[in-house]
Every structure is written in C-alpha cells, then in structure tokens.
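User: I'm new to this structure and would like some help reading it. Could you take me through a few features, one at a time?

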Amino acid sequence: MKELPVTGSSLEAVMGQLRALQVSDADYHNARTWGLIYNAGPDVDAMLQAAAGHVLLENALNPFVFPSLREMQGDVVSIAAHLLHGGDDVGGAMTSGGTESIFMAVKTARDRMRAERGIVKGRLVIPRTAHPAFIKAAHLLDVEWVHMPLGEDLRTRASDLERLITRDTVLCVGSAPAYPFGMVDPIPEMARIAAEAGVPFHVDACLGGFMLPFLERLGFAIPPWDFRVPGVTSISADLHKYGYAVKGASVILHRPKANMRHQVFLFSDWPGGIYGTQAFLGTKPATPIGAAWAVLHYLGEEGYLRLARETIDATRRLIDGVAAIDGVHVWGEPDMTVLAIGSRDQDIFAIGDALERHGWHFDRQEQPAALHLMASPRHRLVVDEFLADLAAAVTHNAGTSTRAATYGDDVSAEAAAEGF
Ligand SMILES: *Cc1c(COP(=O)(O)O)cnc(C)c1O
C-alpha cells in the first residue's frame with residue numbers, strides 16, 4: 001500500500017516518475033487510439049496547455065469572484081446554441097461532460113413535468129443505442145425508463161415511440177449520432193410524436209454537436225437533428241469530444257431557456273450562506289472552461305471546417321477500405337465519423353486482439369459484436385497502416401478471443417473490493 005512520501009521531490013524527479021508510469025498508456029500522439037482521445041494536432045495541444053495553465057487554480061463555483069469564468073461560460077453556451085441553430089429562446093450551462101449534461105436534461109424534464117403535470121414518478125423513453133448515462137441518470141433520479149427496440153437495420157424506429165409514451169413519461173430521447181453505430185436517430189419524427197404527447201424531447205449530440213454542423217456546411221447530407229427541428233427541447237453537446245477541448249467540458253442547452261429554472265439548485269438556509277449551482281458540480285474547475293473557450297476562438301469556424309474535412313476524409317477511406325477486405329464489414333450506415341466493424345465468419349474480437357498487438361486501441365461492443373472506432377483528424381495519417389494490419393489479421397484468421405466487450409472502467413465485484 002502506497003503512503004505519502006515523507007519528503008518531497010524535485011519537479012524533474014516527479015515528472016520522471018509520472019512519465020515512467022505512462023509507459024503502458026495508449027499511444028495517442030501517433031493516433032493509434034480510436035476512442036477516448038480527440039487529438040487535433042500539436043498546435044492545438046500547445047494552445048490548450050497554455051489556456052488551461054493560465055486559469056489553473058481558479059474556481060467557477062462562485063463566478064462573481066472570477067467574472068472571466070462567468071463570461072467565458074456564457075460565450076461557450078452562446079456559441080454552441082448558435083451553432084445548433086438555437087434562437088434567443090435557447091439557453092443553458094457548461095457541465096463537466098456528457099454524463100452531467102444528460103443528468104441535467106433528465107433532472108430538468110423530471111422537475112418540469114412534476115411541476116406542470118404533477119407526474120410524481122417519471123419515465124424516460126430511450127433508444128436501445130442511447131448512451132448508458134441516461135440509465136445512470138434515471139437510476140440516480142429515481143425515474144423509470146424503457147428501451148425502444150432496435151430494427152434489423154440497427155436503427156431506431158420513430159413509430160415505436162407512440163406506444164411507449166405513457167401518461168407518466170417525462171422525456172423522450174434521440175441521439176445525433178448514437179455511439180454504437182454512429183447513426184443519427186429519426187429526430188424530426190420522434191420529436192413530433194413527443195411534442196404531440198406534450199413530452200419534452202432531448203437530443204444527445206454529445207458526439208455530433210461539434211462535428212455535424214461543420215459536415216453540413218461542407219455539403220454532406222446530414223439528417224435534421226438540431227434546434228431547427230420543432231419539438232426539440234434540449235440538446236447535450238460535448239466540447240471535450242469533437243470540440244477538441246480538454247476533458248471536463250460539455251454544454252446542456254434548453255428551449256425555452258426558462259426551463260433552466262428546473263435545472264438550477266438553490267439552498268438558502270445554511271449557516272455557510274446561499275448555495276446555488278447551475279448544474280451538478282459545486283467546486284468547478286476552471287481549466288476546462290478556459291480551454292474550451294480558447295479552442296473555440298483559436299480554431300474558429302475555419303479551423304473546425306478543416307478538421308471536420310480531415311476527419312470525414314479519414315472516415316470515408318476507412319469505410320471504403322473495410323468494405324474492400326473480404327470477411328469484415330461496417331455495421332449500419334454511419335452518418336458521421338464513428339463506426340463499428342464486424343465480421344460474419346470470424347471472431348471480430350480475435351481480430352481486435354491481433355490489432356492490439358500492433359499497438360491499436362479501440363472499444364469493443366456486443367449485439368452485434370464489433371470493434372468501435374471514432375476517427376479524429378490525426379487518423380488521416382494512419383488509416384492505410386490500420387487497414388493493412390486489419391487485412392493481415394483477417395487473412396491469418398486470428399482464432400477466438402477471450403476478451404469481452406468493454407466501454408468504461410472495471411467495476412467487477414473483485415475490482416470494487418480492491419478499490420483503486
Ligand atoms: C461520450 C458520450 C456521452 C457521455 O459523455 P461523457 O463525456 O463520457 O460523460 C453521452 N452520449 C454520447 C452519444 C457519447 O458519445
């Protein structure tokens with residue numbers, strides 16, 4: 001068991017130890033990691049370090065003490081709202097990530113429907129492919145949930161909503177796109193059905209929020225999903241994914257913005273004073289705020305368009321390359337830069353094992369079994385090498401794998417007992 005060292009170390013010594021700990025970490029600098037990291041290149045890395053370092057110790061818990069953090073969060077929310085075609089009636093807040101944005105969407109809908117309709121125990125209707133953060137939020141907020149089934153084509157069917165919406169439904173959800181197969185749900189039809197039932201509709205654009213708008217501007221056919229769609233009442237969009245900010249940055253947007261009153265928390269009967277928060281966190285790190293604000297200004301529309309172009313080009317080459325390899329295929333029809341590779345006649349996880357021996361990293365998923373890849377701009381440099389390794393793994397028939405599908409942390413009973 002590790003104990004606090006009695007004496008301190010020099011900066012050089014500590015950094016040496018830290019680097020030594022990282023030897024087994026995924027090599028994202030060379031774009032061998034198809035998830036978790038969204039690397040826009042060394043210039044953006046340096047800019048993020050400078051901006052994050054500059055606000056390192058500030059605290060957004062009380063933005064009146066640090067008005068710059070208040071202003072930067074306002075700018076980020078406003079830029080996101082504008083990008084997603086929200087008008088003056090859209091407002092929101094920065095959060096620590098997609099999970100918190102989704103939590104706030106569920107909490108806001110629950111409290112609003114409680115206030116307006118007297119619904120005590122609410123219910124969510126969520127696509128099978130929606131992120132588990134919705135289930136987590138439902139669990140923590142004591143809201144029930146029901147899954148929409150997935151069609152043969154791996155798509156969500158809007159028509160299923162009609163029968164699944166009940167009197168106690170407080171929120172329906174669609175994704176733009178959903179993580180597993182990278183496809184955008186039929187948002188206009190789903191939002192219309194929800195609106196007709198008087199139920200709020202959330203679009204989870206944690207992945208697509210800062211990618212789809214630029215692909216649309218580049219001329220790609222993107223199915224409608226943002227605030228231009230009537231009936232959409234909230235959207236989550238992660239800055240720490242295709243916004244290229246440092247981790248800990250997302251936005252939750254509401255329409256009308258008056259719904260924010262169901263999101264905020266206020267407690268005034270405390271000897272410590274009035275406690276108010278816009279979202280979940282108390283003490284709120286300034287680094288993701290400063291870095292998100294800075295990267296939006298550093299890149300501008302021009303920069304995001306360039307990065308979107310690079311990423312979609314890498315994705316298209318990847319999709320075409322997979323199609324050209326006999327024995328593997330892409331599941332569904334990805335709308336963006338996220339995809340899943342499967343195999344009908346081989347163990348795709350064994351192919352994954354072979355690729356990992358070449359230093360590649362990706363998530364694995366089941367139903368159906370697949371390797372999950374999220375492209376980012378730097379992947380354009382390695383697509384050919386990846387495809388060659390994939391083709392070789394398929395040719396050599398990798399056998400069977402003992403590894404399971406994973407996305408997050410190890411929370412097995414044994415791991416939980418061990419702690420960290
Ligand atoms: C990443 C992601 C989330 C959750 O966001 P975190 O930032 O990991 O908490 C939610 N929905 C989708 C579609 C995502 O890709």
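**Reading helix pairs, a ligand site and unusual backbone spots**

Analyst: Happy to. Let's begin with a pair of helices: α4 and α5 are oblique to each other. Their axes come within 9 Å and cross at roughly 50°, and angles from 35 up to 65 degrees fall in the oblique class. Keep in mind that this is a predicted model.

User: Where do I find these two helices, and what is the hand of the crossing of α4 and α5?

Analyst: Look for α4 at residues 98-117 and α5 at residues 133-140. The crossing of α4 and α5 is right-handed.

User: Which residues in α4 and α5 meet?

Analyst: On the α4 side you have T99, I102, F103 and V106, and they meet A133, F134, K136, A137 and L140 in α5. Sorted by type, the residues of this contact come out as seven nonpolar, one polar and one charged.

User: T99 caught my eye. How many residues surround the ligand, and which are the closest?

Analyst: The ligand has 13 residues around it, and T99 is among the closest, along with G98, D204, H240 and K241. To read a site like this, go on to the polar atoms. For T99, an N or O atom of the side chain is 2.5 Å from a ligand oxygen. H240 also uses its side chain: an N or O atom there is 2.7 Å from an oxygen atom of the ligand.

User: And what part of G98 is 2.9 Å from an oxygen atom of the ligand?

Analyst: For G98 it's a polar backbone atom that sits 2.9 Å from a ligand oxygen.

User: Back to helices. At what angle do α3 and α9 pack?

Analyst: At about 50°, with their axes 9 Å apart. So α3 and α9 are oblique to each other. You'll find α3 at residues 67-83 and α9 at residues 287-323. Check the hand as well: the crossing of α3 and α9 is left-handed.

User: What does the contact of α3 with α9 consist of?

Analyst: From α3 come L69, M72, Q73, D75, V76 and I79; from α9 come I289, G290, A292, W293, L296 and H297. That contact divides into eight nonpolar, three polar and one charged.

User: What about α10 and α11: what is the angle there?

Analyst: Helix α10 (residues 348-357) packs on helix α11 (residues 383-395) at about 130°, and the axes are 9 Å apart. That angle makes α10 oblique to α11. This crossing is right-handed. I351, A354 and L355 of α10 make the contact with F386, D389, L390, A393 and V394 of α11. By type, there are seven nonpolar residues, no polar ones and one charged.

User: Now the backbone. What is usual for phi and for peptide bonds?

Analyst: Most residues other than glycine have a negative phi, and most peptide bonds are trans. With that in mind, look at H85: not a glycine, yet with a positive phi of about 60°. You'll find H85 in the loop between α3 and β1.

User: Which peptide bonds are cis, and where are the prolines placed?

Analyst: One runs from A176 to P177, with omega near -10°. P177 is in the loop between β4 and α7. Another cis bond goes from R255 to P256, where omega is near -5°. P256 belongs to the loop between β7 and β8.

Note on methods
Residues are numbered from 1 along each chain as its sequence is written. This is a predicted model: local features need pLDDT of at least 70, side-chain atom pairs count only at pLDDT 80 or more; totals for chains, interfaces and linings use all residues. Side-chain values use heavy atoms; hydrogens and water are left out. Axes are lines fitted to C-alpha atoms, for helices over the stretch in contact, and angles run from 0 to 180 degrees between N-to-C directions. Helices (H or I, at least four residues) and strands (E, at least two) are DSSP runs, numbered from the N terminus. Angles under 35 degrees count as roughly parallel, over 145 as roughly antiparallel, 65 to 115 as roughly perpendicular and the rest as oblique. A crossing is left-handed if the near helix is turned anticlockwise from the far one by less than a right angle, and right-handed if clockwise. Contact means heavy atoms within 4.5 Å. Ala, Val, Leu, Ile, Met, Phe, Trp, Tyr, Cys and Pro count as nonpolar, Asp, Glu, Lys and Arg as charged, and the others, Gly among them, as polar. A residue is near a molecule or strand if one of its heavy atoms lies within 4 Å of it. A polar contact is a pair of N or O atoms within 3.5 Å; within protein, one must be able to donate a hydrogen and the other to accept it, and residues adjacent in sequence count only if both atoms are side-chain atoms.
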